[in-house]
Amino acid sequence: MGNLNNAEAAARLALAEARAHRPLTEAERELVQQRIARDLAHRAELRSVPLANGDPPDPPFQPAGPRGGA
Amino acid sequence: MLSEQDFANADLAQLGAWLREGRTTSVALAELALQRLNTVGRDLNAVVTLTPGRARLEAAQADAELAAGQDRGPLHGIPYGAKDLLAVTGYPTTWGAAPLRSQRFADDADVIVRLREAGAVLVAKLAMVELAGGFGYDQPDAALTGPGRSAANRERWAGGSSSGSGAAVGAGCVPLAIGTETWGSIHVPAAFNGVTGFRPTFGLVSRAGAMALSWSMDKIGPMARSAADCEAMLLGMAGPDPADPATLGRPRYQPSEQRSGFRFATLKDAVHGVEDDVAARYHAALEVFAGLGSITEIALPDLPYNAAASTVIAVEAASAFEEFLEAGLADELTAPEDRVSLLAGLALPATDYLRALRVRAKAVRELGAALAEFDAVITPGYRSVAPPIDQHFSKEPNFFGLRTIDGAANLCGLPGLMLPAGPGALGLPTAVCLTGRVDADAQVLAVGQAYQAQTTWHRALPPA
């Protein structure tokens, strides 16, 4: 997992830098890396929650619009 | 003729009584508010834009209507301020951000329209952390107007992101203000300024015309001197709006007259990491709540609320501000960390976002079941009193990390009320927090009014 996270963190940083409108400074790159590390830690926490294949996101898709009326 | 200090010390009921007795006029109240905002409010960095032209028109109309026997209710003729992420025609709406200092909108936000129809008088657009704090700010100096200073002590932070709303009410510049909260942005400024702040159930108040940070977590709510004043303001703000689908299908707000016999919960780890002075005020508050009902200690379902909330906000904010980021406008933001941190959200996989939403569905179910028997969960309002104005949050361990109930409540759209709980360290305000069930807003506000009938902390006078 550590290697995967390192590789993924690097890939995410590359993507973030590609989306930036200018090259980042070293200090700015460090800030983005900190956020990416935090995001990866959050994913690990979220992955610890057992979810079944059929567990949908909230809110679910509503083809007829929101429940109820005005 | 009211003095400025009379005005600053008065709550909504007192101001309304003076208006109807003829002791003052709405125009006079608006002028007092404008004057105090321009001096005390600006000293606290609580003001972005005064709205004197609009205020005088609305106040004159309120006076004429009262003279003609037309009374729109408790907000009639009362001045209020709005966080500057709400669109108001004729004035800039900056979202607290330097690159948007000239931004204008063609229509008023829904909540501004509703308050005008309730007779309230808009006197100012109030300061806020730039872009509602969603860009990763790490210090109070993260706003177009400078760091928000607490009404209790200008060398302390007012909290964020509704900094100006909290400080302006706390300093008696306005009796009422609109705040917004995605995660803590009403509650923290309420705690740090010694005012009462209410976060409604997600969808109770329309966000049409408000800056979006997180479509599935943004809420708009009142900040005032008391829970009763918050309820009066909420009645003027809430209701269905086709322009905000989240408001459709929600029950209409109905006040509760209950003032005793409540069922409270506390959390087993409620004071873990909380500073001693705040914990002492929390325990003192529990003695008051014990006289209002039963108290049962519970544990929240063990779920990663904060991780889910953080992931949802990161992705939704990155999407909401994608063009802003790509255009380089973030380079003009005040806090250096705000200029780049949200780029990480553009690189967050869709599967992570969806997993956070799937965990939220589970959290909604399990939290709903855990709280079903209770009118409110009582917790300390915040782990400390307001920090120094130059504090960097990342240098304070767990500055934003300990509030599990706040993460859970905001993720799941639960209502919450922050109540003054008396002075802590250095005489600065502390607070207790009530968290309720979805759509049990009236119960939470009823508990708050019962608590404030037994305490005087919310009556602490603003500085002269």
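User: What makes strand β5 and strand β6 of chain B a pair?

Analyst: Two strands pair if DSSP finds at least two bridges between them. β5 (residues 196–199) and β6 (residues 219–224) of chain B share 2 bridges, in the antiparallel sense, so they make the cut. One partnership is G197(B) with M223(B) in β6(B). Strands here are DSSP runs of E, at least two residues, and helices are runs of H or I, at least four, both numbered from the N terminus.

This is a predicted model: local features need pLDDT of at least 70, side-chain atom pairs count only at pLDDT 80 or more, and totals for chains, interfaces and linings use all residues. Residues are numbered from 1 along each chain as its sequence is written, chains are lettered from A and ligands numbered from 1 in the order in which they are written, and side-chain values use heavy atoms, leaving out hydrogens and water.

User: Which are the edge strands, and what makes them edges?

Analyst: That would be β1 (47–50) and β8 (293–298) of chain B, as each pairs on one side only. They sit at the ends of an open, mixed sheet of 11 strands, ordered β1-β3-β2-β4-β6-β5-β10-β11-β9-β7-β8 in chain B. From one strand to the next, the twist averages 30 degrees.

User: How do you know that helix α4 of chain B packs on the sheet?

Analyst: Contact means heavy atoms within 4.5 Å, and α4 (residues 52–67) touches β1 and β3 of chain B. Its direction makes about 160 degrees with that of β3(B); axes are lines fitted to C-alpha atoms, for helices over the stretch in contact, with angles from 0 to 180 degrees between N-to-C directions.

User: Why are W95(B) and F321(B) called edge-to-face?

Analyst: Phe, Tyr and Trp rings (for Trp, the six-membered one) pair if their centres lie within 6.5 Å; planes under 30 degrees apart count as stacked, over 60 as edge-to-face and the rest as tilted. These two rings have centres 6.1 Å apart and planes at 90 degrees, so edge-to-face it is. The two residues are 226 residues apart in the chain.

User: What kind of pair do F135(B) and F321(B) form?

Analyst: Edge-to-face again, with 5.2 Å centre to centre and 80 degrees between the planes. F135(B) is in the loop between β3 (121–126) and α6 (163–170) and F321(B) in the loop between α10 and α11 of chain B, so this pair ties together parts 186 residues apart in sequence. Ring pairs link W95(B), F105(B), F135(B), F321(B) and F324(B) into a cluster.

User: Why is H458(B) called buried?

Analyst: Buried means under 20% relative accessible area, exposed over 50%, and partly exposed in between, using a 1.4 Å probe and protein chains only. H458(B) comes in at 8%, so it counts as buried. Among the residues it touches are T196(B) and R225(B).

User: How do you know that the buried residues of α2(B) share a side?

Analyst: In α2 (residues 12–21) of chain B, the buried ones are L12(B), L15(B), G16(B), W18(B) and L19(B). They cover an arc of only 160 degrees around the axis, which puts them on the same side; that arc is taken from the directions from the helix axis to the C-beta atoms. The face turned away carries the exposed A13(B) and E21(B).

User: What makes R23(B) lie over the face of W18(B)?

Analyst: A charge sits over a ring if NZ of Lys or CZ of Arg is within 6 Å of the ring centre and within 35 degrees of the ring normal. R23(B) is 4.8 Å from the ring centre of W18(B) and lies over its face.

How values were computed. Lists of a residue's contacts leave out its neighbours within four places in sequence.
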